[in-house]
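Subject: The structure for you to look at

Hello,

Here is the structure I promised to pass on. My notes follow below it, so please keep it open while you read.

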Amino acid sequence: MKTAIITGITGQDGAYLSRLLLDKNYKVIGVARNLLAGNLNGLNFLNITKDVELVEANLLDLSNIIRLLEKYQPDEIYNLAAQSSVGLSFEQPIGTLEFNIISIANILEAVRIVNKDIKVYQSSSSEMYGNVDKNKLPIDESFIIHPASPYGISKASAHWISVNYREAYKIFIACGILFNHESVLRRPNFVTKKIITSALKIKSGELQYLTVGNTSVQRDWGYVPEYVKVMWKMLNVNEADDYVICSGEAHSLQEFIEKVFITLKLDPVKLVKTDKALFRPVELEVIYGNPAKAKNKLDWSYQMSFDELIGQLIEDEIKYAEWMKSNKRN
Ligand code: NAP
């Protein structure tokens, strides 16, 4: 039985990756910053809380991570913990930089000190590329890194720290350069979650309209349960490498909103308002990627269409709302 440590287990990727690894018969150790206040809704919703071992740790404290590795002797570490919101990173640039960069540096130092055979997955991000010339799209692994937000900068630094430890110390570190991926477990401060929950509330009469920022931006969206599969694949091949993980298609936020509203038989023209206060200081206009390397080297491909993704997210959200109600959560 292999042992995996997942940092950021309380997040959306952490919960779905835990389920995948449990299905593969792993012992899963979930690291959270604070279990008392930690949000275990994701693990509870997937009904796997009792199957993982949860442990509190401070990833900014190297000694804490060293003790963790000595105690659990993991085969694999999946580093998913991060301040993951681009929007929030403009409000909290220093905190975002500090946590997202120092946490991976500490993990890699701990691996170097305790056991260099531990394999590490680092969650890098398409936000590292910033505003790419539209004529050069789609983005692949060879693109110049030029982030346009504190979040993107933190992920770029974390990415290069990972590459450096791979090259300098021959540690197996794979970086998944993930484009946006969504699930019902997305935090409420993310626009996709806000659109779907608001549309459902409008439908039931609890809300009058949805307020959004810039809807002309185009993103490459995928579904979390499909993307966590490739995280595992990256650590279970012969060589560590970096991979762009995406659907390969761009769709605008406007299109996302319209599909959700029309699926729920709501009128997006009447029920959606724009608020300039929700625009970001710098916005990536359009990004989408090329997943060819992951397909060729990892035999991973993303099959879901954009319409299927929207349908699935709405279906999951309805189930989640019912589950929350039956568990008397709010
Ligand atoms: P998420 O739902 O926001 O989860 C983030 C996790 O990190 C949570 O467990 C959270 O713990 C933890 N965390 C956040 N700030 C922390 C801090 N200061 N100290 C300790 N723990 C902290 O994110 P996700 O969507 O699962 O994403 C997983 C990883 O993939 C992240 O590194 C993200 O940056 C990266 N990524 C995501 C996407 C995407 O579209 N989802 C795309 C590219 C890359 P709490 O529960 O305690 O808040």
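Glu315 and Lys319 both sit in helix α12, 4 residues apart, which is about one turn of the helix. An α-helix has 3.6 residues a turn, so residues three or four places apart point the same way. The two side chains form a salt bridge, with 3.6 Å between the closest N and O atoms. Glu315 is partly exposed at a relative accessible area of 41%, and Lys319 is partly exposed too, at 44%. Please bear in mind that this is a predicted model.

A search of the whole structure turns up 11 salt bridges, and a few others are worth a look. Lys229 and Glu226 pair up at 3.2 Å, N to O. Both belong to helix α8 (residues 224-235), where they are 3 residues apart, again about one turn of the helix. Lys229 counts as partly exposed, with 34% relative accessibility, and Glu226 is partly exposed with a relative accessible area of 24%.

Which side chain does Asp307 meet in a salt bridge? The partner is Lys259, at 3.2 Å from N to O. Asp307 lies in helix α12 and Lys259 in helix α9 (residues 253-263), so this pair ties together parts that are 48 residues apart in sequence. Asp307 counts as partly exposed at 48% relative accessibility, while Lys259 is partly exposed with a relative accessible area of 28%. There is also a network of salt bridges that links Asp241, Lys293 and Lys297.

Helix α12 comes up again with the empty spaces. Rolling a probe the size of a water molecule over the atoms shows where empty space is left. The second largest pocket has a volume of about 740 Å³. Its lining is made of 26 residues, and those that lie nearest its centre are Thr197, Glu317, Tyr320, Ala321 and Met324. Which element gives the largest share of that lining? That is α12, with 7 residues. At least two residues each come from α2 (41-45), α7 and α12. Sorted by class, the lining of this pocket has 8 nonpolar, 9 polar and 9 charged residues.

As for enclosed space, the search of the whole structure finds 4 cavities of 30 Å³ or more. The largest cavity holds about 50 Å³ of space. Its lining consists of Glu182, Ser183, Val184, Arg186, Thr192, Lys193, Ile196, Leu313 and Glu317. Two elements, α7 (191-203) and α12 (306-326), give two or more residues to that lining. The most comes from α7, with 3 residues. By class, the lining of the largest cavity divides into 3 nonpolar, 2 polar and 4 charged residues. If you want a residue to start from, try Glu317: this residue is in the lining of the largest cavity, and Glu317 is also among the residues nearest the centre of the second largest pocket.

Now to helix α3, which covers residues 62-72. Which of its residues are buried? They are Asn64, Ile65, Ile66, Leu68, Leu69 and Tyr72. These buried residues pack against the strands β1 (3-7), β2 (27-32), β3 (53-56) and β4 (76-79), and against helix α5 (93-114) as well. Just after α3 comes Gln73, with a positive phi, near 40°.

Last, the cysteines. How many disulfides does the structure hold? The count is 0. Cys175 is in no disulfide, and the nearest cysteine sulfur, that of Cys246, is 16 Å away. Likewise, Cys246 is in no disulfide, with the sulfur of Cys175 as its nearest, 16 Å away. A disulfide would need the two sulfur atoms within 2.5 Å. Are these cysteines buried or exposed? Cys175 is buried, with a relative accessible area of 0%, and Cys246 is buried as well, also at 0%.

That is what I have for now. Do write back with anything you would like to go over together.

Best wishes

Conventions: Residues are numbered from 1 along each chain as its sequence is written. This is a predicted model: local features need pLDDT of at least 70, side-chain atom pairs count only at pLDDT 80 or more; totals for chains, interfaces and linings use all residues. Side-chain values use heavy atoms; hydrogens and water are left out. Buried means under 20% relative accessible area, exposed over 50%, partly exposed in between (1.4 Å probe, protein chains only). Contact means heavy atoms within 4.5 Å. On a 1 Å grid over the protein atoms alone, a cavity is a set of points where a 1.4 Å probe fits but cannot get out, and a pocket is an open set with protein on both sides within 12 Å along at least five of seven lines; lining residues have an atom within 4 Å of a point. Grid points are joined across faces, edges and corners, and a volume is the space filled by probe spheres set on the points. Ala, Val, Leu, Ile, Met, Phe, Trp, Tyr, Cys and Pro count as nonpolar, Asp, Glu, Lys and Arg as charged, and the others, Gly among them, as polar. A salt bridge is a side-chain nitrogen of Lys or Arg within 4 Å of a carboxyl oxygen of Asp or Glu.
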